[in-house]
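Please open the structure in a viewer and set the display to cartoon. The tour below proceeds by selection, one group of elements at a time.

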Amino acid sequence: MFLNKIKTTIGALLCVCSINGYAQNFKVVLDPGHGGQDFGATRNAYVEKKIVLDVALKVGEILKKDKTIDVVFTRETDKFIELRERSNIANREKADIFVSIHANAVANAPNAQGTETFIMGLSKNQSNLEVAKKENNAIILEKDYKTTYAGYDPNDPTTLIGLTLLQEQYVNQSIDLASKIQSRFTNDLERKNRGVKQGPFWVLHGAFMPSVLVELGFISNADEGAYLNSDQGKKELAQAIASAILDYKKQHHSPNTINDKDIKGNTAEKPKRIFLDELEKEKERKAVVQDAKTSSIEITKPAEVTKQGVVFKVQIAATSKSTATTPANFKGLTGVTSEKEGNLYKYYYGESTDINHTRKALEEAKNKGFSSAFLVAFKNGNKISVQDALK
């Protein structure tokens, strides 16, 4: 009898969870580039900030017809939004994808045409760097930009090199989304396909989810500019982007999947929070296993006495590429160090003999966006488990 009651209670709880829509919607943040005093590219009365806003709003209208999709805009009017704030919006909203929409223009190639979609990354291709340079140039319109973007030179996009670390974990999904957008442009609209490319874009570097920057075409090309500026062109381009997002959602997101997102609302949502907490713990466990013998991440333990000669650090990243450990390359974190281990360069923060100090550094690193950061311990220069360091 008691067992049957338990089964009935569990069944009712699952039913309530289903009724109250605990499955998370797929959240899309759409970012119309530029705005306000930042006009973007301008040619022949065609203005980038206006075109991309119209297209983004149309994309949103299409996506909102799907009740399993939530749409958030970084701007819905002609206003100026700082580059860093655009990705901050996506992070605060815990978006599944971030799509920044732009239009291109070149001075000395009036026949240049076609669509291209970028992901965050390094590039030695000069044309890719020029696109990034133009899109990043909005920084100089921001107040105190030299302080806010310390170490970044708007005339040299490669100074963003270290920030590509933050997007490495999303590169495959970003490429997939970009490819789907380009395929829709090509197959549905027969636009010239300039391909999926990499570039050091500020607007993408801080978004902790699959992210792309779409160049709709060249307003410096008379014919293509007229198309981009037309109601029909905007409608068709918006439909292509929306269709690609729906293709991506179908492949990567199940409406019955519990996503790793904070739940806000009434007490009826508490059962799901339990499952989400377990997912968080599982992510942390995987991070620990990935880097050999490290401890579980807990920041609420009382102070422990450590062995003599032991220091603690927070590992914030590991990559095959060497990066300068300047604050600008690591979201403002100071005192970052690097060590090469095998074929990887590992980056550490918050070194201390006091584990409580390093735990605070861990929390700070996570708040900065290094969500996979974890504690490591060293004795006399050799890595040991944190548990052994505390014995």
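The stops that follow begin with a sheet, continue to helices, and end with a second group of strands.

**Stop 1: the six-stranded sheet**

The model is a predicted one. Begin by selecting β4, β1, β5, β8, β6 and β7, which in that order form an open sheet of six strands with mixed pairing. At the edges are β4 (69-73) and β7 (193-199), each of which pairs on one side only. From one strand to the next, the twist averages 25°.

Next, restrict the selection to β1 (residues 26-32) and β4, which run parallel and are joined by five bridges. Display Phe 26 there, and its bridge partner in β4, Ile 69, will be found. In general, strands of a sheet pair through backbone hydrogen bonds, in either a parallel or an antiparallel manner.

**Stop 2: helices on the sheet**

Which strands does helix α6 touch? Select α6 (residues 171-189): the helix packs on the sheet and touches β5 (97-104), β6 (115-120), β7 and β8 (211-218). The direction of α6 makes about 175° with that of β6.

Then add α9 (residues 231-252) to the view. Helix α9 lies across β1, β4, β5 and β8, and runs at about 150° to β1.

**Stop 3: α9 and its helix neighbours**

Two packed helices are described by the angle between their axes and the distance between the axes. Keep α9 displayed and select α2 (residues 48-63); the two pack at an angle of about 50°, with their axes 8 Å apart. Helices α2 and α9 are therefore oblique to each other, and their crossing is right-handed. To inspect the contact, show side chains on both helices: α2 contributes Ile 51, Asp 54, Val 55, Lys 58, Val 59, Ile 62 and Leu 63, while the residues from α9 include Ala 238, Ile 241, Ala 242, Ile 245 and Leu 246. Coloured by class, the residues of this contact of α2 with α9 divide into ten nonpolar, one polar and four charged.

Now replace α2 with α8 (residues 222-229), which packs with α9 at an angle of about 75°, the axes being 4 Å apart. Why are α8 and α9 described as roughly perpendicular to each other? The angle of about 75° falls within the range of 65 to 115 degrees that counts as roughly perpendicular. In this contact, Tyr 227, Leu 228 and Asn 229 of α8 meet Asp 231, Gly 233, Lys 234, Glu 236 and Leu 237 of α9. The residues of the contact of α8 with α9 comprise three nonpolar, two polar and three charged.

**Stop 4: helix α3**

Move to α3 (residues 83-92) and display its side chains; Leu 83, Arg 86, Ser 87, Ile 89, Ala 90 and Asn 91 are buried. Just after α3, select Lys 94, which takes a positive phi of about 55°.

**Stop 5: β9, β10 and β11**

How many residues of strand β11 are buried? Select β11 (residues 344-352): the strand is mostly covered, with seven of its nine residues buried. Add β9 (residues 310-319), which pairs with β11 in the antiparallel sense over six bridges. Then add β10 (residues 337-341), which is likewise antiparallel to β11, over five bridges.

Centre the view on Lys 346 of β11. Lys 346 is the bridge partner of Ala 318 and also of Glu 339. Finally, select Gly 342 in the hairpin of β10 and β11, where two residues lie between the strands; Gly 342 takes a positive phi near 70°.

How values were computed:
Residues are numbered from 1 along each chain as its sequence is written. This is a predicted model: local features need pLDDT of at least 70, side-chain atom pairs count only at pLDDT 80 or more; totals for chains, interfaces and linings use all residues. Side-chain values use heavy atoms; hydrogens and water are left out. Axes are lines fitted to C-alpha atoms, for helices over the stretch in contact, and angles run from 0 to 180 degrees between N-to-C directions. Angles under 35 degrees count as roughly parallel, over 145 as roughly antiparallel, 65 to 115 as roughly perpendicular and the rest as oblique. A crossing is left-handed if the near helix is turned anticlockwise from the far one by less than a right angle, and right-handed if clockwise. Contact means heavy atoms within 4.5 Å. Ala, Val, Leu, Ile, Met, Phe, Trp, Tyr, Cys and Pro count as nonpolar, Asp, Glu, Lys and Arg as charged, and the others, Gly among them, as polar. Two strands pair if DSSP finds at least two bridges between them. Buried means under 20% relative accessible area, exposed over 50%, partly exposed in between (1.4 Å probe, protein chains only).
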